[in-house]
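Let's take a friendly walk through this chain, strand by strand. Have a look at the sequence and the fold first.

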Amino acid sequence: MKSVIHHCDFMPNEGCQIEGFQSDINNALEWTLVFYREATEQDLEESNYLDEEGDYVWQASLVITFCPYCGKQLAHKVQPIHKSDFTYEDFRSW
Ligand SMILES: [Zn+2]
């Protein structure tokens, strides 16, 4: 799947990323705000499923139309997002 990153001066350098995925249906980019936490030494001690520092402890994402940091319109068309496409994954256990 082809994807592009929204590089933004106003967002934190770590902990989140804004990524656009090309949809198979109409070739339009679907933009997603992904936020995550990277493992620290303590996380590694508490979980057997994390291998090294920097591994994702958890990751969550949601579909967006505008960049929440700079306000730029990312999606080609402004339209309501009908399906609530929130995801949350926890990598500390299976
Ligand atoms: Zn932005």
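## The β3-β4 pairing

Strand β3, covering residues 29-38, pairs with strand β4, residues 56-64, in this predicted model. The two run in the antiparallel sense, and eight bridges hold the pairing. To find your bearings, start from W31: the residue opposite to it in β4 is I64.

## From β4 to β5

On to the next pair. Strand β5 spans residues 87-90 and is joined to β4 by four bridges, again with the two strands antiparallel. Two of the facing positions are handy to look up. S61 has T87 of β5 opposite to it, and A60 has Y88 as its bridge partner in β5.

## The sheet as a whole

Where do these pairs sit in the sheet order β1-β2-β3-β4-β5? The sheet is open, has five strands and is built with antiparallel pairing; β3 is followed by β4, and β4 by β5. At the edges stand β1 (3-5) and β5, and because each has a single partner strand, one side of each lacks a neighbour in the sheet. On average, neighbouring strands in this sheet are turned by 25° against each other, direction ignored.

## The whole protein

Stepping back, the protein has one helix to go with its five strands. Read from the N terminus, the order of elements is β-β-β-α-β-β, which places the helix between the third and the fourth strand.

How far does the C-alpha trace span along its principal axes? The answer is about 45 × 30 × 20 Å. Of the 94 residues in the protein, 5% are buried. As for contacts between residues at least 6 apart in sequence, 43% of them join residues at least 24 apart.

## A closer look at V4

V4 is a good residue to visit at the end, and its place is in strand β1. Is V4 buried or partly exposed? It has 13 C-beta neighbours inside 10 Å, and V4 therefore counts as partly exposed. The cut-off for a buried residue is 20 or more such neighbours, while 12 or fewer would make a residue exposed.

Which residues does V4 touch, leaving out those up to four places away in sequence? They are G20 and L29. L29 falls within the 29-38 range of β3. V4 can also be set beside E19: the two are 15 residues apart in sequence, and their C-alpha atoms are 5.6 Å apart in space.

Technical notes: Residues are numbered from 1 along each chain as its sequence is written. This is a predicted model: local features need pLDDT of at least 70, side-chain atom pairs count only at pLDDT 80 or more; totals for chains, interfaces and linings use all residues. Two strands pair if DSSP finds at least two bridges between them. Axes are lines fitted to C-alpha atoms, for helices over the stretch in contact, and angles run from 0 to 180 degrees between N-to-C directions. Two residues are in contact if their C-beta atoms, placed from the backbone, lie within 7 Å.
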